[in-house]
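Trainee: I should like to learn how to read the features of a model such as this one. May we proceed feature by feature?

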Amino acid sequence: MLTDSFPTVNLSHKPTPLERLDNLSADYQTNIWIKRDDCTGLAFGGNKSRQLEYYIGHAKSLGADTLLTTGAVQSNHVRMTVAAARKLNMDIEVQLEQRVARDQVEYHRSGNPFLVRLMGAKIHYYPVGEDEEGADQALIDRARELKAEGKNPYVIPLSNVKTPYGALGYVEAAEETLTQLQAMKIEPGIFVVPSGSAATHAGFLLGLRSLGCNVPVEGVCVRRDAQSQQQRVFTKIQSVIDLMGLDTRIDRDDIHCNDRFLAPGYGLLNEPTEQAILLMARREGIFLDPTYSGKAFAALVELLGTGRFGPDDHVVFLHTGGTPSLFGYPELADNAQEVR
Ligand SMILES: Cc1ncc(COP(=O)(O)O)c(C=O)c1O
């Protein structure tokens, strides 16, 4: 494997399944595949367990005994980091940022924040939602206090200026996915992935290109507009190339970012995303989430509607998880059909 030389811990069920969505494939007259990274196993699964394997591998190699990380109130990353710490018997402190303007009690108490409390993490709060470097700095300050108390803390950062160990998990996932596709003799026309911190998008794209696969990767913006996100992915890829000592080159034009489903903003629903979540739930019995996988699937639904892919073509949707956050958005089920 391309990432073999890096220390890791084992947190995920791998390989995750690559399944054909038979009902949606029939509806759209093409072959729609889903890479089930929502099934990585750890605390309901999701993309973050692959990323944490490399972050915590690095932390352990430094002798860390305490993890610190930050995220939105409904952060899947925070939930999975707490679970990883519990599984590995490490101490854990998390910071929840006020990033999403939602007052509903469910948003603040159900889904991910419920699970984080259930696992007994120490929770700090950060009053700003769009200050990644400030949020990381608050963790670094807290880590300094813990060090003074004799602990050996490790901060898993959010901002793009830190070494992106997590992206290695998606270099690995690209290799895993290509092996599965090659075994089935399938060459997809496109991969569709959500693009947030960009560890998934950057790692996956770099992994594919490093292995000689030139299939386009559509990164669906969940937090920033396409131009800022493209810059972020580009920077992250260069950092991963340096970290791995690769000689792969990725052109800026090869980084596709689609921000058509971002509005009204991070963690906020729009009509196509809501429809995409309902479509996947009602046609395939698979749950997407409002912040990441729902927006990414909305972008794929739009692409499928253009007729660009026919009966002999294949598309692959990377399901990155996030399903616990559904419980923070109970309005999604308001139009359920009930017989009284
Ligand atoms: C469910 C889910 N999907 C996608 C993403 C975005 O992945 P990345 O931060 O690697 O861009 C996240 C990030 O938190 C997530 O929780």
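Trainee: How many bridges join strand 7 to strand 10, and do the strands run parallel or antiparallel?

Mentor: First, the basis: this is a predicted model, in which local features need pLDDT of at least 70 and side-chain atom pairs count only at pLDDT 80 or more, while totals for chains, interfaces and linings use all residues. Residues are numbered from 1 along each chain as its sequence is written. Helices (H or I, at least four residues) and strands (E, at least two) are DSSP runs, numbered from the N terminus, and two strands pair if DSSP finds at least two bridges between them. Here, 3 bridges join strand 7 (residues 190–195) to strand 10 (residues 314–319), and the two run parallel. Val192 stands opposite Phe317 of strand 10.

Trainee: What is the strand order of the open sheet?

Mentor: The open sheet has 6 strands in the order 1-2-10-7-8-9, with mixed pairing. Strand 1 (18–20) and strand 9 (256–258) each have a single partner strand, so one side of each lacks a neighbour in the sheet.

Trainee: Which strands does helix 9 lie across?

Mentor: Axes are lines fitted to C-alpha atoms, for helices over the stretch in contact, and angles run from 0 to 180 degrees between N-to-C directions. Contact requires C-beta atoms, placed from the backbone, within 7 Å. Helix 9 (residues 226–244) lies across strand 7, strand 8 (217–221) and strand 9, running at about 145° to strand 9.

Trainee: Why is helix 2 said to be largely enclosed?

Mentor: A residue is buried if 20 or more other C-beta atoms lie within 10 Å of its own, exposed if 12 or fewer, and partly exposed in between, with C-beta atoms placed from the backbone. In helix 2, 11 of the 14 residues are buried, so the rest of the structure largely encloses this helix. Among the buried ones are Leu52, Tyr54 and Ile56. Their cover includes strand 3 (66–72), helix 3 (76–87) and helix 7 (168–183). Just after helix 2, Gly63 takes a positive phi of about 80°.

Trainee: How many residues of each domain are in contact with the other?

Mentor: Domain bounds come from an automatic or database domain assignment, which here gives domain 1 (18–46 + 164–333) and domain 2 (49–156). Between them, 25 residues of domain 1 are in contact with 22 residues of domain 2. On the domain 1 side, helix 7 gives the most, with 5 residues.

Notes:
Two residues are in contact if their C-beta atoms, placed from the backbone, lie within 7 Å.
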